[in-house]
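Student: Please walk me through this structure, and let me ask how each term is earned as we go.

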Amino acid sequence: MSLLIPESGLFLWMLLAFVVVLVVLGKFGWPIMTKMIDERARYIDESIAKAKEANEKLEKIQEETAAMLKEAQEKQSSILAEAVNMRNQIVEKAKTDATLAGQKILEEAKQQIEAEKEDAIRDIRRQVGLLSVEIAEKVLRQNLKSDTDQMAMIDRMLDEIKTEK
Amino acid sequence: MNKKNKVLTRIMGLLIAVGLLLPQSAFAEEAVQEEGGLDVTAMIFEHVGDSYYWHITDFGETSVSMPLPVLVYSQTSGFHCFMSSRFHHGHASYEGLQIAPEGSEYAGKIVETDSNGNEIRPFDFSITKNVAGLIITSILLIWIILHCAKWYKNKDQVSAAPTGFVGTVEMLVSYVYNDVIKPNIPHHTERYAPYLLTAFFFIFFNNLCGLIPGSANLTGNIAVTVTLALFTFFTTNIFGTGAYWSEIFWNKELPAWLRPIMAVIEFIGLFTKPFSLTIRLFANILAGHCALLGVLSVIFLTAVSMPGVGNGVMSAVSVVLGIFLDCLELLVAFIQAFVFTMLSSIYIGLSQAEHHHED
C-alpha cells in the first residue's frame, strides 16, 4: 500500500524541481521555440499566399499580353487596310485630278483656238472689207467714167433710199 | 553544432540499447544471491519503490550501491543531516533514527521511537533515490531543452528548420503545441503553452529515463504524478472564467430540475479529473515496470524449478517478451505523456469557456 500514498518528502522535492524546470524552460526554452514555430508557420503561409498571388498576377499578365498581341494584330491589319484604302483613294484622286487638269487644258486650248479663230475671222473680215471697198472703188471708178453714168448712179441710189423710206 | 548533435543522438541511442540489454545482467546477480529462489514480489517492489540508497548491482555477497544524503526534521530531536551509509543498510540506527524493518507500518522508511516506544515518522525530506533521480533528470531536461533553444539564436523564420536532435525536439514541441495545445486552448495559448510543454517533456523524459535499468521510477511514483495533476488542477481552476463556473454550478443548457444534480456531479468532477490524471500515469508506468520485471524474473524462477533445457527455453521466451515489453514501454512512455498533456489542455480549454450566445 505504500505505493499508493504520496511521500511528502518526494512531493516537496517534486514541487520544487517541477517549478524550477517550469520557470527556467518557460522563460528561456519554450517561448523561443514556439515563437519560431509560429513565425515559420506564418512565413510559410505568407509565402504560399504570395506565390498564389504571383501566379495569379502572371496569369493576368499573360492574358494581358495575349490581349495586347491580339489588339496589335488587329491594329496592324486595320492600318494595312487603311493604307490600301488610302492608296486607292490617292490613285483615284490623282486620276480624277489628271482628267480634270487635262480637260481644263483642253478647254483652255479650245478657248484659245476659238479666240484665235475669231481673231483670224475678224482679220479676214477686215481684209475682206478693205478688199471689197478697194474692189468697189475700182468698180465704181470703172462705171463712173461718164457723167451720165454718174447721174444714173446717183438716181438709182436716191431711189433705193426712197424705197427704203 | 552538427557534430555535437550527432554525439547527443548517439548517446541517446546507446542509452536505449543499454536499456534493452541490461536488465538480464542486473538480475542475474540477484538470482545468485538468493539461492532458495527469487522473491519476485520483493525484487519488483524494490525496483519500483523508493530507497535511501541508489542500488546499482550486487557482486556475490557485496551490494554495490551509492549512499544518499538523509535530511530529516524531527519534532523531538530537530534537524538531522547525514549520509544513509550510517544505517549500514538498515542494520544500524543513527542519531535515534533507523530504517523501519519489514512488517512495520513504515517498512523501509526512516522512523524514530518516541517516549512511549511507538514508531513515529519524522518529517523526511531526504535525497532518496527518487529525489536524486528527479534532480538529475530535471537538470538533464533543462540542459537538453536550453541546448535546443540555443540553436534558434541568430536565426529567423527564413532560416532552414533544424535537423538532427534539435529537429527531433522541435518536431515534438511543434506536435504538442500545434496539435494538442492550440486546438484545445484557442485563446491565451501563450499563457498555458509553457506549462503544458513542460508537463509533456517532463513526463516523457522521465518515462524514458525510468526505462533505464537502475534508474529511479519517477513517473511510476504517485507523489510525482499527484504533483503534476495538482498543477493542472490549479491552472484549470485559478484561471477559470465565469462561464466555466456557471456551467459547473448552474448549467443553463440543461432543464431546471437537472441543474442541481449536475452541479453535484460537476463539482465532484472537479476533483476526479486530477485524480484520474494522477492514477492513470502512475498506474500505467508502474504496471509496465512490474510486467517487465515479472517477465524477466521467469529466467531465474525457471532456473530453480526446471533447470536445464526448460530454463533455456523459458529464458529465450522471457528475453523475447522482455524486449517486446521494453519496446511497448517506449510507446507507453510517449502515449502517457501525450494523454496527460492532451487531457490537461482539454481541462484548461474547458475552463476558458466563453458565455454562449443565447439563440
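**Strands, helices and chains**

Tutor: Gladly! Let's start with a hairpin: three residues connect β3(B) to β4(B). This is a predicted model, in which local features need pLDDT of at least 70, side-chain atom pairs count only at pLDDT 80 or more, and totals for chains, interfaces and linings use all residues. Residues are numbered from 1 along each chain as its sequence is written, while chains are lettered from A and ligands numbered from 1 in the order in which they are written.

Student: How do you know that β3(B) and β4(B) are joined by bridges as a pair, and in which sense do they run?

Tutor: Elements are DSSP runs numbered from the N terminus (strands: E, at least two residues; helices: H or I, at least four). Strands pair if DSSP finds at least two bridges between them. Six bridges join β3(B) to β4(B), and the two run antiparallel. The count of six meets the requirement of at least two, so they are called a pair. In this pairing B:Pro69 faces B:Met83 of β4(B).

Student: What pairs with β3(B) besides that, and over how many bridges?

Tutor: β3(B), residues 69–74, also pairs with β8(B) in the antiparallel sense, over two bridges. Two bridges satisfy the rule of at least two, so this counts as a pair as well. Here B:Tyr73 lies opposite B:Phe123 of β8(B). The result is an open sheet of three strands, ordered β4-β3-β8 in chain B, with antiparallel pairing. Its edge strands are β4 (78–83) and β8 (123–124) of chain B, each pairing on one side only.

Student: Why do β5 and β7 of chain B stand at the edges of their sheet?

Tutor: That open sheet has three strands in the order β5-β6-β7 of chain B, again with antiparallel pairing. β5 (97–99) and β7 (119–120) each have a single partner strand, so one side of each has no neighbour in the sheet. Strand β6(B), residues 110–113, is joined to β7(B) by two bridges and runs antiparallel to it. B:Glu112 sits opposite B:Ile120 of β7(B).

Student: On to helices. Why are α5(B) and α9(B) described the way they are relative to each other?

Tutor: The axes of α5(B), residues 189–210, and α9(B), residues 309–351, come within 8 Å and cross at roughly 160°. Axes are lines fitted to C-alpha atoms, for helices over the stretch in contact, and angles run from 0 to 180 degrees between N-to-C directions. Angles under 35 degrees count as roughly parallel, over 145 as roughly antiparallel, 65 to 115 as roughly perpendicular and the rest as oblique. At roughly 160° the pair falls in the class over 145, so α5(B) and α9(B) are roughly antiparallel.

Student: What is the handedness of the crossing of α5(B) and α9(B)?

Tutor: Right-handed. The near helix is turned from the far one by less than a right angle, clockwise for right-handed and anticlockwise for left-handed.

Student: How does α3(B) pack against α5(B)?

Tutor: Their axes are 10 Å apart, at an angle of about 120°, which makes α3(B) oblique to α5(B). This crossing is right-handed too. B:Thr137, B:Leu141 and B:Ile145 of α3(B) meet B:Phe201, B:Phe202, B:Phe205, B:Asn206 and B:Cys209 of α5(B). The classes here are six nonpolar, two polar and no charged residues. Nonpolar means Ala, Val, Leu, Ile, Met, Phe, Trp, Tyr, Cys or Pro; charged means Asp, Glu, Lys or Arg; the others, Gly among them, are polar.

Student: How is the relation of α1(A) to α6(B) classed, and why?

Tutor: α1(A), residues 8–28, packs on α6(B) at about 50°, with axes 9 Å apart. An angle of about 50° falls among "the rest", so α1(A) and α6(B) are oblique. The crossing is right-handed. A:Leu10, A:Phe11, A:Met14, A:Leu15 and A:Phe18 meet B:Ala223, B:Val224, B:Val226, B:Thr227 and B:Phe231. Nine of these residues are nonpolar, one is polar and none is charged.

Student: How many residues of chain B are in contact with chain A?

Tutor: Residues are in contact if their C-beta atoms, placed from the backbone, lie within 7 Å. On that basis, 39 residues of chain B contact 31 of chain A. In chain B, the elements giving two or more residues to that side are α3 (129–151), α4 (164–184), α5 and α6 (222–238). α3(B) gives the most, eleven residues. By class, this side of chain B has 26 nonpolar, ten polar and three charged residues.

Notes: Two residues are in contact if their C-beta atoms, placed from the backbone, lie within 7 Å.
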